Each structure stands twice: as C-alpha cells, then as structure tokens.
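This report goes through the interior, the aromatic contacts, the enclosed and open spaces, and a few individual residues of the structure shown below. Each topic has its own heading.

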Amino acid sequence: MASKTPTDILRTGAAKWAFTTRRVRRDDARSLSKDFSMARAGDLILCEIVEIGQHKKLQLAEGRSATSYPGDHVVVCLGDRYAPDQFHAHARITSERLDLVAGGGIAGEVSHSHARMNAPTQLRPVGLLTGEMGQILNVGDYALSERAADPVITVIGVFGASMNSGKTTAAASLAHGLARAGHSVVGIKATGTGAFGDYNAFNDAGVPVMDFTDVGMATTYKQPMDRIERGFDTLIATAASAGADIAVVEFADGVFQQETRAVLTDSPIRSRLDGILFAAPDALGAFGGAVALERVGLRPFALSGMVSCSPLATSEAGAVTGLPVLTREALCNPNIVAGHVGPLLRITDQRTAA
C-alpha cells in the first residue's frame with residue numbers, strides 16, 4: 001500500500017488535532033507550506049512525533065487525552081510558553097526539530113526547563129497548514145468577533161502566587177458556589193497556555209467556560225497587551241450577552257509573570273475587576289501576594305488555594321494578612337460565598353431597565 005502524503009494525512013483525518021486547534025474548521029486546510037521562516041505564534045503546523053519525552057499524551061480538541069506514539073501525526077500550534085515549573089519556550093522554527101512544550105498542543109523551541117522535567121517530546125515539522133488562497137492558517141483566524149467592554153457584569157479576578165498554587169480549583173469552586181447561590185456565572189481563563197485542564201474544571205463545576213483560545217491566542221505569553229485586553233473585553237462582553245451576571249476570571253501563573261504583572265499595574269483590565277480572590281501555596285506565599293497586591297493599590301477579598309488545605313497554614317496566613325482564608329468547600333458553599341462576593345456585585349438589572 002502506498003504511503004500517505006502529508007496532504008492525504010490532513011484530508012483523511014489521520015492526524016490528531018490538539019486542544020489549541022478546537023475552533024479551527026479543519027476543511028479549511030488545503031495544503032502545506034514548508035516556508036518556516038514565515039511562521040508566527042498561533043500558526044497551525046502538521047508535525048510528526050519523533051521521540052516521546054516529557055509529554056507522553058496530547059490533549060485533543062475533542063476534550064480527551066490521546067497517548068502519543070513515534071510516527072503519529074499531530075496538528076498543533078506554534079507558540080511561546082512561560083512555565084516556571086516546566087518549560088520556557090519560543091515560537092520559532094530554526095531546525096528540523098521542534099519541542100512539544102505543552103500537552104494542549106503548543107510547539108516551539110525550549111530555551112530553559114525546570115530541573116525535574118524530562119527532555120521535551122520531539123516533533124518533526126512537516127508543514128504549516130495553508131488555506132484555499134495559499135495563506136498560512138492561524139488560530140487567530142477563528143476568533144470570536146471583537147466586542148466592546150460590557151460595563152454591567154460583575155468580574156471577579158482569580159490570581160495566584162505561582163503555578164500550582166491552587167488557582168484553578170479556587171476559581172472553579174468560586175464559580176460553582178456562586179451558581180448555587182442563584183447567579184448566572186461564566187468561567188473565563190484570560191491568560192495562559194492553551195490546555196483543557198482549566199477549561200474542563202469550570203465545566204465540571206457546572207458553569208459555561210471560555211478562554212483566550214476563543215479570542216484567537218494559543219498562548220498569551222509575549223502577545224501584545226492591547227491584544228490581551230481586547231480579548232478580555234470580548235470574553236466578558238460575550239459572557240454578558242449570554243445572560244451571565246458574574247464572570248469568574250482566572251489569570252495564569254504568578255503575580256510577577258510579565259502579562260499578569262501588567263494586568264495588575266497599568267492595564268485597563270485592572271479597573272474592570274470588582275474583586276480579587278488570591279490563591280497561595282502556603283502562608284508565606286499568601287503574605288507575599290498580599291503585600292505585592294497592596295503595593296499596586298489592590299487588596300483581595302479572600303485567600304484560597306493550597307494554603308487552605310492546612311489548618312495550621314490557614315491560621316498563619318489569616319494572622320499575617322488579616323484576610324479570610326476560604327477552603328474549596330467554603331467556596332462551593334452558596335451562603336458563605338454570597339457573603340463575601342455580595343458586596344462586590346454590580347447592579348445587574350441595567351440591561352432591562354427602561
């Protein structure tokens with residue numbers, strides 16, 4: 001039997017399409033370009049898996065993980081990655097090999113990695129996907145139409161001290177508790193690296209969810225702030241138009257990551273936040289986060305995250321910050337969470353006011 005050409009692989013559905021490509025119309029891919037000098041962040045790439053490394057599975061657009069094998073063909077996005085606990089990578093193709101830098105389907109070139117990481121899974125770039133007119137296809141081509149900011153919906157930002165501080169659990173639990181309290185809630189991941197973990201966490205909490213891939217970014221690291229801000233406005237306005245009165249918005253990594261730091265210091269996004277829930281790994285992280293936020297004139301209404309798993313750490317964090325520390329169970333409790341978020345709510349009947 002004759003071997004399939006790369007174009008055949010695309011047309012027959014033999015390739016695995018990553019989560020970052022979930023909005024792409026696959027029939028738009030007509031051919032491939034090997035002019036990798038033109039590649040930019042967000043471009044769709046057909047790759048062959050050469051060697052399995054750190055990421056042994058690929059998160060698929062269908063919402064499940066697929067075990068990877070050498071010889072598999074995958075469609076992923078070129079992208080930058082900032083992950084202090086994993087990889088620091090750049091959206092470029094300068095050799096015959098690429099690194100799989102995130103399981104959600106981000107390929108790039110790793111410059112640094114955490115000491116505990118294995119070598120990244122190795123990919124051979126086969127070609128950039130091109131459309132009917134020969135244009136390189138990019139996830140930005142499939143973004144939601146831009147919308148102006150909505151002034152009515154309440155926006156609660158969830159920030160953290162670092163990766164793995166418990167942000168996602170805190171955000172999803174808060175959204176769940178608010179929904180149980182009778183609110184129409186949407187979960188939003190505003191910045192980060194395309195992956196279905198956070199996305200599925202909101203779904204599991206029983207609330208609709210959107211993220212930055214919906215506004216055309218496979219990752220937000222190294223994206224212009226005005227693009228991130230326009231994406232934020234579009235996500236918030238889309239949530240409001242669907243009837244939501246509260247958006248719970250998670251921001252990636254820690255408060256010192258460059259895009260998150262910009263959000264908290266001089267971005268218009270900052271002024272749109274009606275409240276902040278801060279997730280910390282321990283009491284020292286809680287104290288440091290509270291101090292960092294205070295320096296830019298912000299104060300969270302509560303703490304949560306990994307610190308809340310330990311009664312002793314909870315006591316320490318509460319003592320040094322003067323802030324309530326809410327466990328996952330407390331955030332899921334509609335009565336408790338309503339008491340903390342109630343004073344932050346905007347008037348939500350303006351859409352129907354005469």
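## Nonpolar cores

The model is predicted, and its interior is described here through its nonpolar cores. The largest nonpolar core holds 40 residues, and those that touch the most other members are Ile 153, Phe 159, Ile 188, Phe 232, Ile 236, Val 249 and Phe 251. Two or more residues come to this core from each of the strands β12 (154–160), β13 (185–189), β15 (246–250) and β16 (275–279), and likewise from each of the helices α4, α5, α7 (283–295) and α8 (311–321). Helix α4 gives the largest share, with six residues.

Val 249 offers a local view of this core: beyond its neighbours within four places in sequence, Val 249 is in contact with Val 155, Ile 156, Gly 157 and Val 158, with Ile 188 and Ala 190, and with Phe 232 and Ile 236. Apart from the largest core lies another core, of 27 residues, which includes Phe 301, Leu 326, Ala 330 and Val 337.

## Aromatic pairs

There are five aromatic pairs in the structure. One of them joins Phe 19 to Phe 196 in an edge-to-face arrangement, with 6.1 Å from centre to centre and 85° between the planes. This pair links distant parts of the chain, since Phe 19 belongs to the loop between β1 (16–17) and β2 (31–33), while Phe 196 belongs to helix α3 (residues 196–204), and the two are 177 residues apart.

Both Phe 19 and Phe 196 are buried. Together with Tyr 199, these two residues form one aromatic cluster.

## Cavities

How many cavities of 30 Å³ or more does a search of the whole structure find? The search finds two, and the largest cavity contains about 60 Å³ of space. Its lining is made of 13 residues, of which Ala 41, Gly 42, Ala 218, Thr 219 and Gln 223 lie nearest the centre; by class, the lining of the largest cavity comprises five nonpolar, six polar and two charged residues.

The second largest cavity contains about 30 Å³ of space. Its lining consists of Lys 189, Thr 193, Gly 194, Ala 195, Asp 198, Tyr 199, Asp 211 and Phe 212, and these residues divide into three nonpolar, two polar and three charged. Tyr 199, a member of the aromatic cluster with Phe 19 and Phe 196, is thus one of the residues that line the second largest cavity.

## The largest pocket

The largest pocket encloses about 590 Å³ of space. It is lined by 30 residues, and Arg 81, Met 163, Lys 189, Thr 193 and Asp 198 are those nearest its centre. At least two residues of this lining are supplied by each of β7 (81–82), α2 (167–180), α3 and α5 (258–265).

By class, the lining of the largest pocket has seven nonpolar, 16 polar and seven charged residues. Lys 189, Thr 193 and Asp 198, named among the residues nearest the centre of the pocket, also belong to the lining of the second largest cavity.

## Residues in loops and at the surface

Thr 213 lies in the loop between β14 (209–211) and α4 (225–241). Its relative accessible area is 6%, so Thr 213 is buried. With neighbours within four places in sequence set aside, Thr 213 is in contact with Arg 22, Arg 23, Gly 194 and Ala 218; of these, Ala 218 is also one of the residues nearest the centre of the largest cavity, and Gly 194 lines the second largest cavity.

Asn 335 is part of helix α10 (residues 334–341). Because its relative accessible area is 67%, Asn 335 counts as exposed. In sequence Asn 335 is 158 residues from Gly 177, yet the two are 8.3 Å apart in space, C-alpha to C-alpha.

## Positive phi values

Most residues other than glycine have a negative phi. Asn 164, however, has a positive phi near 60°, and this residue lies in the loop between β12 and α2. Is Asn 164 buried or exposed? Its relative accessibility is 52%, and therefore Asn 164 counts as exposed.

Asp 253 likewise has a positive phi, of about 60°, although it is not a glycine. Asp 253 is placed in the loop between β15 and α5, and because its relative accessibility is 12%, Asp 253 counts as buried.

Note on methods
Residues are numbered from 1 along each chain as its sequence is written. This is a predicted model: local features need pLDDT of at least 70, side-chain atom pairs count only at pLDDT 80 or more; totals for chains, interfaces and linings use all residues. Side-chain values use heavy atoms; hydrogens and water are left out. Rings of Phe, Tyr and Trp (its six-membered ring) pair if their centres lie within 6.5 Å; planes under 30 degrees apart count as stacked, over 60 as edge-to-face and the rest as tilted. Helices (H or I, at least four residues) and strands (E, at least two) are DSSP runs, numbered from the N terminus. Buried means under 20% relative accessible area, exposed over 50%, partly exposed in between (1.4 Å probe, protein chains only). Contact means heavy atoms within 4.5 Å. On a 1 Å grid over the protein atoms alone, a cavity is a set of points where a 1.4 Å probe fits but cannot get out, and a pocket is an open set with protein on both sides within 12 Å along at least five of seven lines; lining residues have an atom within 4 Å of a point. Grid points are joined across faces, edges and corners, and a volume is the space filled by probe spheres set on the points. Ala, Val, Leu, Ile, Met, Phe, Trp, Tyr, Cys and Pro count as nonpolar, Asp, Glu, Lys and Arg as charged, and the others, Gly among them, as polar. A nonpolar core is a set of buried Ala, Val, Leu, Ile, Met, Phe, Trp, Tyr and Cys residues joined through side-chain atoms within 4.5 Å.
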